[in-house]
Amino acid sequence: FTPLPIVDHIGVIAHRGASGYAPEHTLTAYKKAIQMKADYIELDLHMTKDGELVAIHDATLSRTTNAEEVYPGRSPWRVKDFTLSEIKQLDAGSWFNDAYPEYAKKQYSNEKIPTLQETIDYIKQKDANAALYIETKAPNVYPGMEEKLVDILKKNGYLQPGKVIFQSFSAASLRKLREIVPKGIPLIQLYSPAMIQGQNLDDVLDQAAEYAEGVGPELSLVTPEFVQKAHERHLIVHPFTINTKEEMQKQLSLGVDGMFTNYPDRLVSLNKK
Ligand code: G3P
Ligand code: MG
């Protein structure tokens, strides 16, 4: 059992950065997460046509950039069909102004999609203690992504406990990471409800315990039994995505070890209690 670096408080994982306050997966969202003293910044990564790792949640550019305007006719606007320089032309912030008018005071219009390297450089100069919680996709989606990811982290001194946690819905990706990542760096198996519906919880968690240090259940999956069975197997529990203080209190009472949240400040304030 590899104790996680977070042992004295509930881990605050800024979901796509402080994405309740600024456009997700932008350096501004990451800065806010750091300012709010989040323990981890969650990164979803995709690979560009020319093999660069960039932070974006969706496989396509449409929801969080103006790609359809800038590149009409390039449907379906998948990240993997665009070069990094093409992606760098996009505005990754303006969509937020309409989606979250309450925060649109600051018009976000010149945010860019960051590369993994830019994110690391930025975090290093902002707060060298901030760590990364990186989600990988199934190996067949971006062949060689795990190796490239591990290589970049190693070069930057981030391939060490306390600086990175890996997470994935794909057991295959986590098993691959287990082979190439130093011991002591936690791997977290994510679960959507559909993934484990109708399965025996003991079997599900026994499998996770073979290669992971924790589990990341969608919050509706978290019950006293789920937490108890995970902890019996020395698996920590990091549910996603919890945004209201009420739900945070509920998850805390269920005994979870950390949470993914768009509002890190809210969980940090509860930790202080
Ligand atoms: O990675 C944890 C959580 O973010 C999984 O859901 O769709 O927000 O990446 P999603
Ligand atoms: Mg994620």
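In this predicted model, the largest nonpolar core has 63 residues. Leu116, Leu132, Ile134, Leu153 and Phe166 are the ones with the most contacts inside that core. Take Leu116: setting aside neighbours within four places in sequence, this residue touches Leu43, Leu45, Leu53, Val54, Leu132, Ile134, Leu149 and Ile152. Apart from the big core lies another one, made of 13 residues, with Trp77, Val79, Phe82 and Leu84 among them. That kind of grouping fits a general habit: in soluble globular proteins, nonpolar side chains tend to be buried together.

Next comes the ligand. Ligand 1 has His15, Arg16, Glu42, Asp44, His57, Glu135, Gln167, Phe169, Leu190, Phe240 and Phe260 around it. Sorted by character, this shell comes out as four nonpolar, three polar and four charged residues. Oxygen atoms of ligand 1 also pair up with polar side-chain atoms: the distance is 2.7 Å for His57, 2.8 Å for His15 and 3.5 Å for Asp44. On its own, ligand 1 would expose 280 Å², and the protein buries 88% of that.

Finally, there is helix H10, which runs over residues 224-232 and has Phe226, Val227, Lys229 and Ala230 buried. The list includes a lysine, Lys229, alongside Phe226, Val227 and Ala230. What covers these buried residues? Helices H8 (193-196), H9 (201-211) and H11 (245-254) are part of the cover, and so are strands E6 (187-191), E7 (214-217) and E8 (236-237). After H10 comes His234, with a positive phi near 55°.

Definitions and conventions: Residues are numbered from 1 along each chain as its sequence is written. Chains are lettered from A and ligands numbered from 1 in the order in which they are written. This is a predicted model: local features need pLDDT of at least 70, side-chain atom pairs count only at pLDDT 80 or more; totals for chains, interfaces and linings use all residues. Side-chain values use heavy atoms; hydrogens and water are left out. A nonpolar core is a set of buried Ala, Val, Leu, Ile, Met, Phe, Trp, Tyr and Cys residues joined through side-chain atoms within 4.5 Å. Buried means under 20% relative accessible area, exposed over 50%, partly exposed in between (1.4 Å probe, protein chains only). Contact means heavy atoms within 4.5 Å. A residue is near a molecule or strand if one of its heavy atoms lies within 4 Å of it. A polar contact is a pair of N or O atoms within 3.5 Å; within protein, one must be able to donate a hydrogen and the other to accept it, and residues adjacent in sequence count only if both atoms are side-chain atoms. Accessible areas come from the Shrake-Rupley method with a 1.4 Å probe; for residues, only the protein chains shown count as cover. Ala, Val, Leu, Ile, Met, Phe, Trp, Tyr, Cys and Pro count as nonpolar, Asp, Glu, Lys and Arg as charged, and the others, Gly among them, as polar. Helices (H or I, at least four residues) and strands (E, at least two) are DSSP runs, numbered from the N terminus.
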